[in-house]
Structure formats: structure tokens, C-alpha cells
Amino acid sequence: MGAIQASRGTRDILPTEVGYWQYVEDIARDILHRSVYREIRSPIFETTSLFERGIGEATDVVGKEMYTFADRGDRSLTLRPEGTAGVVRAYIEHNLASTGGVQRLWYTGPMFRYERPQAGRQRQFHQLGVELIGSYDPRGDVEVIALAHDILKALGLEKLTLYLNSVGNTGDRQRYREALIHYLTPYKEDLDPDSQDRLTRNPLRILDSKDPKTQEICQNAPSILNHLGDASQKHFDGVQSLLTGLGIYYQLNPCLVRGLDYYTHTAFEIQSEDLGAQATVCGGGRYDGLVKELGGPETGAVGWAIGLERLILLLQQGRTSPSLAPDIYIVSKGDKPESEALLLAQKLRHHGLKVELDLSGSAFGKQFKRADRSGAKACIIIGDSESQNGTLQWKWLDTGEQITLSREEVLSDREFMQRARHKV
Ligand code: ATP
Ligand code: MG
């Protein structure tokens with residue numbers, strides 16, 4: 001019988017790769033904590049109607065990509081295709097608004113969309129996202145954009161571009177919608193089938209069609225930025241001048257839309273030149289209508305989500321894997337040395353070092369080879385004579401320099417311990 005393989009569009013993240021994931025999570029967590037964002041963990045599946053209402057029935061995600069199933073009690077459930085709807089549901093359900101002020105939340109975890117798998121596009125993928133709920137202030141838009149900017153920068157990513165747009169408020173969009181339909185209707189036959197379908201249902205979404213012919217037609221379409229009312233223009237001007245004030249460079253892109261009624265004002269994406277077709281690493285915007293749409297009070301909110309697979313593809317292009325190597329690799333042979341080595345490993349770990357203990361019991365030569373391969377900075381050797389003298393051999397694996405030390409000396413010499421540590 002053949003072995004079973006991982007489902008199409010899913011991937012194992014193996015121990016050799018997981019260092020990238022932990023590295024990204026550590027850096028992001030640190031930056032998010034400094035802006036006092038708190039983690040929220042919502043369920044992987046939710047009632048289907050949450051996404052139908054929260055994302056919109058006219059979108060690809062709801063129309064074609066959801067993993068929806070009936071459970072044994074015949075409830076319609078859906079594996080979450082994104083994080084915002086669940087977070088907003090939790091915000092309303094637990095009345096987080098009652099604490100007053102703004103809720104700053106972040107999440108990370110797997111999302112599910114039935115899409116054609118390719119590089120940077122999977123059926124189970126991972127996002128890290130933030131939601132700032134409870135403010136209409138343009139400083140909120142800029143706060144979340146600055147977070148994404150800082151996280152990507154701290155990861156050493158370059159050649160990223162922030163594209164910015166405003167989709168205004170419902171009134172602006174209504175006027176723009178008419179102008180757009182007016183412009184596109186004569187080209188109807190040349191649009192891709194999805195876009196033809198959207199011409200009356202959701203024409204704004206046509207602007208982000210990936211079809212080349214449709215894109216060409218959209219080049220000369222009227223711009224939403226010429227249809228913003230005074231209040232929307234003021235908000236957008238505020239966002240732009242605050243970004244400039246923070247030294248965050250952006251490019252306006254009037255074709256960048258989130259085509260749903262409760263998306264408002266700012267829309268943005270961060271794209272990389274190095275990702276081919278799947279160029280967008282981070283997408284987000286303001287969604288002042290969503291909390292109300294899902295049954296809560298009228299509430300301003302803004303957020304984004306980073307696609308972690310795409311982010312990690314970029315990291316892998318640029319640098320070697322963050323080290324998961326031990327600081328110290330311990331080899332030992334013989335009953336007494338082996339139990340002493342176990343004790344020493346434990347003590348060193350309690351001093352904060354990463355220690356790997358060779359359990360093979362094989363000849364020293366073989367253990368040394370594994371020590372070299374482990375990437376450790378130093379190797380500790382305990383054989384019969386070290387055991388008799390209460391000493392150990394300490395070998396720096398980069399230089400080969402080897403010295404005899406007492407066990408106490410190792411544990412009490414701070415400088416020595418510091419040198420043994422891998423820089424993160
Ligand atoms: P795309 O246009 O690439 O399909 P999207 O507009 O559907 O993106 P969002 O819903 O805004 O994407 O999700 C935010 C981010 O999550 C994307 O910019 C991307 O980095 C990532 N992402 C979305 N779908 C997938 C997927 N199927 N596989 C991997 N990453 C994804
Ligand atoms: Mg998509």
C-alpha cells in the first residue's frame with residue numbers, strides 16, 4: 001500500500017525550516033508588544049454566515065475559495081479563510097468595546113482557501129495580522145502601517161513598496177461606482193468573464209483583476225481619488241502627511257481596492273519585486289463598516305494581514321537560516337561519564353545555554369563528527385579520565401582550540417559562557 005501524502009496545497013514545516021518561522025514570530029511579537037498590541041486566538045472554524053457577512057458574498061474568497069462543511073449536527077461551518085471576521089466576532093461577543101478606548105489586537109495562525117497551489121499560494125497558509133478597533137483617527141491607519149513597515153524592516157527585507165489608496169466612504173464609492181460602470185460598459189466584451197460578471201455586482205473589484213487585457217482597460221479608468229468627498233479627502237490627506245512625517249515612503253495606486261461596502265478610506269498593500277506573481281506580502285485597510293455589519297456598534301477599525309509563506313520565501317532568498325544550532329554539544333562515553341554529562345547538560349541549560357547531549361554511546365570519533373555537524377560553538381568532552389579528575393575537555397569548534405577545565409570553572413566563568421552563546 002502506498003504511503004499517504006500531505007493534501008494538495010498544504011505543506012509540512014520541517015525542523016530545518018522552522019527557524020525562519022520562529023525568527024519571524026519573535027521579531028513581530030517584540031515589535032507588536034512595544035506598541036501594546038495584545039494577542040488574540042480565535043477558533044479555526046466559525047459559522048459559515050460569519051464569513052458570508054464579514055467578507056462579502058460577491059468576493060472570490062466567499063464565492064469560490066471557502067472550505068465549508070456540515071458538521072455531524074448539520075451546522076454549516078467554515079475553516080477560516082482570514083482572521084479579521086473572527087477577531088471582530090470575538091470583539092462583539094465579549095463586549096471588548098466596554099473597556100472603552102481602542103483595542104489593539106494581533107493574531108497568527110493557519111488560514112484556508114481553496115485556490116490553485118503555486119509558489120506563495122497554498123490552501124492552508126499562515127497569516128500574521130493586526131486589528132486596531134475603536135478609532136476613526138488617521139493616526140490609527142498610520143500606526144498599523146508603521147507596524148507592518150517596522151516588522152518587515154526588522155526582518156531585513158528590502159525592495160518592498162507600500163502602495164496606498166483611499167476607497168472613500170459609502171457615498172463617495174456610490175458616485176465612483178457609477179462613473180466606473182459608465183467607463184467600463186463599452187469594453188464589456190473585452191473584460192475577463194469574472195469582471196463581466198462583476199460589472200453590475202461589484203465593479204470596483206474589476207480594478208484588481210489579474211487579467212492582462214482587463215488591466216489594460218483599467219489603466220484609463222476614472223480614478224477613485226477624484227471622487228472623494230471633503231471628509232474622505234481630509235482623512236486621506238492626514239494619512240499621507242503622517243506617513244511622510246514618519247519617513248515612510250509610499251506610492252499612490254488608485255486601482256488598489258477592497259471592493260466591499262464596509263471597507264472605507266485607506267487601502268494598502270506592501271509588495272516585493274522578488275516574489276513573481278504572488279507579490280503582495282501584506283494587505284490591509286480601514287473597515288469602519290464591519291463591526292456594525294456583524295451586529296456590533298458603529299466602530300472605526302483598521303488592520304492588515306501579512307502572508308507568512310510569502311514573507312519566509314523572501315527571507316530564504318536573502319539570508320541563511322536563523323541558527324537553531326546548540327551553543328554546546330556534549331560527548332561522553334562510559335557509564336559514569338555519561339551520567340555526569342547529563343547532569344552537566346542540565347546545569348548549563350539552567351545557566352541559559354542551548355545544550356545538545358549526544359545519546360548514541362558510539363565511539364568518540366563518531367560523536368565528534370556529530371558535534372561538528374551540529375553547528376555548536378563548543379564541544380564538551382567527558383571520558384573516564386575527566387570523570388576521575390572532576391574535569392572536562394572544552395573544545396572551541398571554530399578554532400579547534402582545546403583546554404582542560406574543572407566543572408566549576410565552566411559554570412562560574414561568565415565571560416566564557418558568554419563566548420559560548422550563539423548570537424541570535
Ligand atoms: P491575492 O491577491 O494574492 O490572492 P488576497 O487579496 O486574496 O491576495 P488577502 O486576503 O488580503 O490576500 O490576505 C493578505 C495576505 O495573505 C496576502 O497579501 C498574501 O500575502 C497572503 N495570502 C492570501 N492568500 C494566500 C494563499 N492562498 N497562500 C499564501 N498566502 C496567501
Ligand atoms: Mg486571494
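**Local environments, cores and ligand shell in a predicted model**

Lysine 159 is placed in the loop that runs between helix H5 (138-154) and strand S7 (160-166). The model is a predicted one. With a relative accessible area of 47%, lysine 159 is partly exposed, because this class covers values between the 20% limit for buried and the 50% limit for exposed residues. Apart from neighbours within four places in sequence, the contacts of lysine 159 are Gln271, Ser272, Glu273 and Asp274. Phenylalanine 112 is 47 residues away from lysine 159 along the chain, and the C-alpha atoms of the two are 28 Å apart.

The protein as a whole contains 16 helices and 16 strands. Along the principal axes, its C-alpha atoms fill a box of roughly 90 × 60 × 45 Å. Of the 424 residues in the protein, 50% are buried. The exposed area of the protein is about 21500 Å², of which carbon and sulfur atoms supply 49%. Among contacts with a separation of 6 or more, 69% join residues 24 or more positions apart.

In soluble globular proteins, nonpolar side chains tend to be buried together. The largest nonpolar core of the model has 60 residues, and the members that touch the most others are Leu32, Leu155, Leu243, Trp304 and Leu311. For leucine 311, the contacts outside its neighbours within four places in sequence are Val24, Leu152, Leu155, Leu157, Val281 and Ile306. A second core, separate from this one, consists of 25 residues, including Leu50, Val61, Leu105 and Tyr107.

Ligand 1 is surrounded by 14 residues, of which Arg113, Glu115, Arg121, Gln122 and Lys210 come nearest. By class, this shell comprises six charged, five polar and three nonpolar residues. In the side chain of glutamate 115, an N or O atom is 2.6 Å from a nitrogen atom of ligand 1. An N or O atom in the side chain of glutamine 127 is 3.0 Å from an oxygen atom of the ligand. For threonine 280, the atom concerned is a backbone N or O atom, at 2.9 Å from an oxygen atom of ligand 1. Taken alone, ligand 1 exposes 590 Å², and the protein buries 86% of this area. Strand S6 (124-133), strand S10 (280-286) and strand S11 (301-307) are the elements that contribute two or more residues to the shell.

Histidine 235 belongs to helix H9 (residues 230-245). Its relative accessibility is 9%, so histidine 235 counts as buried. When neighbours within four places in sequence are left aside, histidine 235 is in contact with Tyr136, Asp137, Pro138, Asp141, His265, Thr266 and Arg286.

Most residues other than glycine have a negative phi. Valine 36, which is not a glycine, has a positive phi of about 60°. This residue is in the loop between helix H1 (18-34) and strand S1 (38-39), and valine 36 is partly exposed at a relative accessible area of 45%. Aspartate 74 also has a positive phi, near 65°. Aspartate 74 is in the loop between strand S3 (67-70) and strand S4 (76-79). With a relative accessible area of 65%, aspartate 74 is classed as exposed.

Conventions:
Residues are numbered from 1 along each chain as its sequence is written. Chains are lettered from A and ligands numbered from 1 in the order in which they are written. This is a predicted model: local features need pLDDT of at least 70, side-chain atom pairs count only at pLDDT 80 or more; totals for chains, interfaces and linings use all residues. Side-chain values use heavy atoms; hydrogens and water are left out. A residue is near a molecule or strand if one of its heavy atoms lies within 4 Å of it. A polar contact is a pair of N or O atoms within 3.5 Å; within protein, one must be able to donate a hydrogen and the other to accept it, and residues adjacent in sequence count only if both atoms are side-chain atoms. Accessible areas come from the Shrake-Rupley method with a 1.4 Å probe; for residues, only the protein chains shown count as cover. Helices (H or I, at least four residues) and strands (E, at least two) are DSSP runs, numbered from the N terminus. Ala, Val, Leu, Ile, Met, Phe, Trp, Tyr, Cys and Pro count as nonpolar, Asp, Glu, Lys and Arg as charged, and the others, Gly among them, as polar. A nonpolar core is a set of buried Ala, Val, Leu, Ile, Met, Phe, Trp, Tyr and Cys residues joined through side-chain atoms within 4.5 Å. Buried means under 20% relative accessible area, exposed over 50%, partly exposed in between (1.4 Å probe, protein chains only). Contact means heavy atoms within 4.5 Å.
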